[in-house]
Amino acid sequence: MSYELVVGLETHVELSTNTKIFCQCTTEFGGEPNSHCCPICLGMPGTLPKLNKKVVEYAVKAGLATNCKIRNLSKMDRKNYVYPDLPKAYQVTQFDKPICEDGYITLSSGKSIRINRIHIEEDAGKLIHERGDTYIDYNRGGVPLVEIVTDPDIRTVDEAVEYIEQLRLIMKYIGVSDVKMQEGSLRCDVNISVRKKGEEKFGTRTEIKNMNSVNFIAKAIAYEFERQVDILESGGEIHQETRRYDSDLNITESMRSKEDAEDYRYFREPDLVNIYVSEEEIKKYKAELPQLPHEKLNIFINEYGLPKDDAELLIKYKKVAEYYEEASKNLKNKKLASNYILGQIYRKFPTDSEKEEFNISIPPKYLNDLIQLVESRKINSSMASNALEKMLDSGKAVTEFISEKDMEGIDENTLRELCIKAVNENQKAVESYLGGKEKAFKSIIGYIMRETKGKADPIKATEIIKEIIGKI
Amino acid sequence: MVSKEEIIKIAKLSNLFLDENVMEEITEEMAKIVEFADAINTIVCDEDIEFDNINQIENAFNEDEVVESYSSDEVLRNREGGENGYFLVRRRV
């Protein structure tokens, strides 16, 4: 009997505001333990929290970018639970009136993953467990988050991975989060169940908490699918529970049972007033949204004429995509700019994080200038490539490495004389070429490029040589 | 009802010292507080009251501008145990 995977994701995205959600302590990552704290984020009695205006703006933007409806009037609630990562013994979050609802993200297959809701909440402190005791750093306590919850629409590991990557890219593009998974700015709770193919009723689900690596999420889902199918096939039943993924062993293991449904005793947060977002504000935030990754992708493919794979490699990193747009301005062949970026330039940025940061030494205008010279055939591609290497190393413009004289190239008479010489001195290659060996032609051109130190226009030289050979 | 044992347990968890001779009085006071809170269960509400906007106040916001946090010394002044700037929670239950 074949089974179907059913996955829903709850993604926590840390917002990149300057200050915490209910006080004005910095949200900066790291710092000495408990050095970014005040009585409000430490949950001292008698303090009065106030919502950070930017959090509302960022949450609305996250909703708009994922096709959500924005609720004009929303409020904050208390979710009660006793654990030392929250000094107040409750988390301030949104329960029945989340700020955004009913959105979706469309995958490359055309399938939409529905977003049930996006709500605002505060992050908890960091706990370090040692020898039975627990040490707490509240620097992260009160850092603003949005939690983005999907419906259980995901059916394969690939869909889960693509959804997370798309979501991550959208949040990065709209500038509401740095989405650094290694720093915990994007974390996923993964709900997994299985059911027999064709069945409508969902199976009992398990939840794997706090995953901050796409690779581990993929492995954990694959493992959990197999585990649940094995249990059902051997006549057992799945227990609703929270599980943890052990990346060393590539297994999931039970953390706690959910049989006694958690009762968080949600109620309205009485210390905070309602949040009202007007239609005008929503319109303003919408107008401020930049081009989203899938919109850029379409433009790169349909208007700039890039192959899909190349376009995907460019939009994967926001800074690279923006650099490419500038560098390819007014070019006849926009693919040329993409070739230089994906080839010679990417080699200087081998890792993902280096491409993400994209600290390139030359502004896009310099690359554009270089390519314009290639397009106008003032320099050939090998000269361009040499010059680009020097430009990247020094941060200087192309004119520093290629003179006006270089750009003049070789006049036609001189080139013609050289071509005659090349044909005379490479008789063997000429014969091989005339005998059908296309490759032999390259050695004749190579001779000319050597003689002219790369200044000759190989296309023009090819025309002349073919003309001469034709005359032989 | 609130028992004396519950008061002792809460006091222990809260790091509060309670003198034996006030124990009875405090137990009675705590019982009254809980009883008062229980009164909420007796409320009969016929009307459909919209509580969400009951105070008619909206949008009291902080600007997203950093204000200096408290110094670590101040933050950690009353902690018990702990080292290297961390709070410590000892296993109690």
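This is a short talk on one pocket, one helix and two loop residues in a predicted model.

Hi everyone, thanks for coming. Please keep in mind as we go that this is a predicted model.

Let me start with the second largest pocket. There is about 1,600 Å³ of space in it. Who sits closest to the centre? Of the 35 lining residues, the closest are A:Pro84, A:Ile136 and A:Tyr138, along with B:Leu88 and B:Val89, so you can find the spot from either chain if you have the structure open. 

Which elements give two or more residues to that lining? From chain A they are strand 9, residues 126-130, and strand 10, residues 133-137. From chain B they are helix 3, residues 72-76, and strand 2, residues 87-89. Strand 2 of chain B gives the most, with three residues. As for the chemistry, the lining divides into 21 nonpolar, seven polar and seven charged residues.

Now for the helix: helix 3 of chain A, residues 214-233. With 20 residues, this helix reaches 29 Å from its first C-alpha to its last, close to the 28 Å expected at 1.5 Å a residue.

Which of its residues are buried? In helix 3 of chain A, they are A:Val214, A:Ile217, A:Ala218, A:Ala220, A:Ile221, A:Glu224, A:Arg227, A:Gln228 and A:Val229. And what do those buried residues pack against? Their partners in chain A are helix 2 (157-173) and five strands: strand 1 (3-14), strand 12 (186-196), strand 13 (206-211), strand 14 (241-246) and strand 15 (251-257).

Have a look at the two ends as well. At the start of helix 3 of chain A, a side-chain oxygen of A:Ser213 comes to within 3.3 Å of the backbone nitrogen of A:Asn215. Just after the helix, A:Gly235 takes a positive phi of about 85°.

That brings me to positive phi in residues other than glycine. A:Asn250 has a phi near 50°, and its place is the loop between strand 14 and strand 15 of chain A. Is A:Asn250 buried, partly exposed or exposed? Its relative accessibility is 33%, so A:Asn250 counts as partly exposed.

Over in chain B, B:Asn59 has a phi near 55°, again positive in a residue other than glycine. You will find B:Asn59 in the loop between helix 2 (23-38) and strand 1 (61-62) of chain B. B:Asn59 is partly exposed because its relative accessible area is 27%.

That's my tour. Thanks for listening!

Definitions and conventions
Residues are numbered from 1 along each chain as its sequence is written. Chains are lettered from A and ligands numbered from 1 in the order in which they are written. This is a predicted model: local features need pLDDT of at least 70, side-chain atom pairs count only at pLDDT 80 or more; totals for chains, interfaces and linings use all residues. Side-chain values use heavy atoms; hydrogens and water are left out. On a 1 Å grid over the protein atoms alone, a cavity is a set of points where a 1.4 Å probe fits but cannot get out, and a pocket is an open set with protein on both sides within 12 Å along at least five of seven lines; lining residues have an atom within 4 Å of a point. Grid points are joined across faces, edges and corners, and a volume is the space filled by probe spheres set on the points. Helices (H or I, at least four residues) and strands (E, at least two) are DSSP runs, numbered from the N terminus. Ala, Val, Leu, Ile, Met, Phe, Trp, Tyr, Cys and Pro count as nonpolar, Asp, Glu, Lys and Arg as charged, and the others, Gly among them, as polar. The expected span of a helix is 1.5 Å times one less than its number of residues. Buried means under 20% relative accessible area, exposed over 50%, partly exposed in between (1.4 Å probe, protein chains only). Contact means heavy atoms within 4.5 Å. A polar contact is a pair of N or O atoms within 3.5 Å; within protein, one must be able to donate a hydrogen and the other to accept it, and residues adjacent in sequence count only if both atoms are side-chain atoms.
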